[in-house]
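Please look through the sequence and the model below before reading on. The paragraphs that follow go from single residues to the cores and back again.

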Amino acid sequence: MFNIKRLEIARKRRRYTYKALAEQAGIAPVTLSRVVNGKQLPEQETIDGLVRALGFPESFFVCDDLDEIDGSAVSFRSLSSMTARERDAALSAGSLAFEISDWLNDKYHLPNPDLLDLREEQDAESAARVLRQHWGLGERPIGNLIKILEAKGIRVFSLSETTKTIDAFSLWRNDEPFVFLNSFKSAERSRFDAAHELGHLVLHKHGGAGSGDRASRTADPRKAEIEADNFASAFLMPANDIQARLPNVRTLNKVIAEKSRWKVSAAALCVRLNRLGLISDWHYRTFNIQLNQRFRGEEPNSIEREKSELWTIVFEDLWRKRKSRASIAKELHIPEGELDNLVFGLTSDPTDGSDVGKRNQLRLVTSTD
């Protein structure tokens, strides 16, 4: 039976209106309308046109329903500048990621989630400190944040949306936490986005932000975003380490030279220094003006983009079994390009200097095949 809900996900993923899809598929708009509304079963010619237009295999449209993401359960920082089609495309990618995650859970023993519910913490700063202590990170800078998130049971996927209006989003699916990062952003921004979404997962439980002791502060999405930003800043740049390393900053060059220690952007480090009282408001404004004038939106001394260790291990195992990404995509009934878009990276550097992020920390122990 042709699955209309899957057709909707594929349509949103391709950002087609119904009119545009009908044109691309070479079918009459009234025919598509009748199919979508369940008034007519699609003939094979219609199915062929939809498959051709959407670039999804025919088998995709005859599988069971996908889990769809409720837009109210996630938060987007750039909601005011994001179009509905951009939002729907990102959420549809999330539904495909759920299928991939279920496939992984069936094939491998992944790390169990090890997060805390920090909704009752006094503020985001203290919440970041508590989670760092729980994970045994101390005050030292974090090496590869993606490795740590994966080691703590967070399912990390990428969003290749080629637009700056989509930052990242996260949510809980049953008891599994998910983070989606836009790989179009700079490496520093993507890393901060990952910490920001971690903040949402432990502080707001997406969809439950307006309940409990934090209701008065998180019912307003803007306040929740500020909290997540403050959490990310404190989590990546612990106050004690910043104060010990940069007690006296008077030039932007000093900020640029030191930012690589925490693998953050110069702008993010300036915010942190100002919030901790280590640079004045005047220095903060001056540094931001200089950043805009000298680098015009480019990040000075940019870091390498972080890679997924989980996917490195998975693909190494699959290669040993002579299985390709194409075979995985076929098994999942999705285009190979969609799988490529959603995996965060195919290689990783195990010598990134983070004891927490080593390969054995992931505990991806065996394949169930």
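In this predicted model, a good place to begin is Ser92, which is buried, with a relative accessible area of 4%. This serine belongs to helix H5, and its side chain reaches back to the backbone oxygen of Asp88 at a distance of 2.8 Å. If the neighbours within four places in sequence are left aside, the residues in contact with Ser92 are Ile9, Lys12 and Arg13.

Helix H5, where Ser92 is found, also leads us to the interior of the model. The largest nonpolar core has 52 residues, and among these Phe169 and Trp311 touch the most other members. Helix H5, which covers residues 84-107, supplies the largest share of this core, namely nine residues. There is also a second core, separate from the one just described, which has 48 residues and includes Leu149, Val202, Val249 and Phe287.

Phe287, one of the residues of that second core, is also a useful guide to a pair of helices, since Phe287 is among the residues of H14 that meet residues of H13. Helix H13 spans residues 266-275 and helix H14 spans residues 281-295, and the two pack at an angle of about 175°, with their axes 10 Å apart. Because of that angle, H13 is roughly antiparallel to H14, given that angles over 145 degrees count as roughly antiparallel. On the side of H13, the residues taking part are Ala266, Ala267, Cys270, Val271 and Asn274, while H14 brings Asp281, Tyr284, Phe287, Asn288 and Leu291. Sorted by class, the contact of H13 with H14 contains seven nonpolar, two polar and one charged residues.

Helix H13 also holds Arg272. Is Arg272 buried or exposed? At 0% relative accessibility, Arg272 counts as buried, because the limit for being buried is under 20% relative accessible area. With its neighbours within four places in sequence set aside, Arg272 is in contact with Glu125, Ser233, Ala234, Met237, Pro238, Ala239 and Ile242. For one of these partners, Ser233, the C-alpha atom is separated from that of Arg272 by 6.6 Å, although the two residues are 39 residues apart along the chain.

Another serine to look at is Ser158, whose place is in strand S1, residues 155-159. Ser158 is buried, with a relative accessible area of 4%. A polar atom of its side chain lies 2.4 Å from the backbone oxygen of Asn341, and the side chain of Ser158 also reaches the backbone oxygen of Val343 at 3.1 Å.

Finally, we turn to two residues in loops. Asn174 is found in the loop between strand S2 (168-173) and strand S3 (176-182), and at 69% relative accessibility this asparagine counts as exposed, because exposed means over 50%. The phi angle of Asn174 is near 55°, which is a positive value in a residue other than glycine. Arg322, for its part, lies in the loop between helix H15 (309-320) and helix H16 (325-332), and its relative accessibility of 80% makes it count as exposed. Its phi angle is near 60°, again a positive value in a residue other than glycine.

Note on methods: Residues numbered from 1 in each chain as written. Predicted model: local features only at pLDDT ≥ 70, side-chain atom pairs only at ≥ 80, totals over all residues. Heavy atoms only, no water. Core = buried A, V, L, I, M, F, W, Y, C linked by side-chain atoms within 4.5 Å. Buried < 20%, exposed > 50% of the residue type's maximum accessible area, 1.4 Å probe, protein only. Helix = DSSP H or I, 4+ residues; strand = E, 2+ residues; numbered from the N terminus. Axes fitted to C-alpha atoms, helices over the stretch in contact; angles between N-to-C directions. Parallel < 35°, antiparallel > 145°, perpendicular 65-115°, else oblique. Contact = heavy atoms within 4.5 Å. Nonpolar A, V, L, I, M, F, W, Y, C, P; charged D, E, K, R; others polar. Polar contact = N/O pair within 3.5 Å; in protein donor to acceptor, adjacent residues only side chain to side chain.
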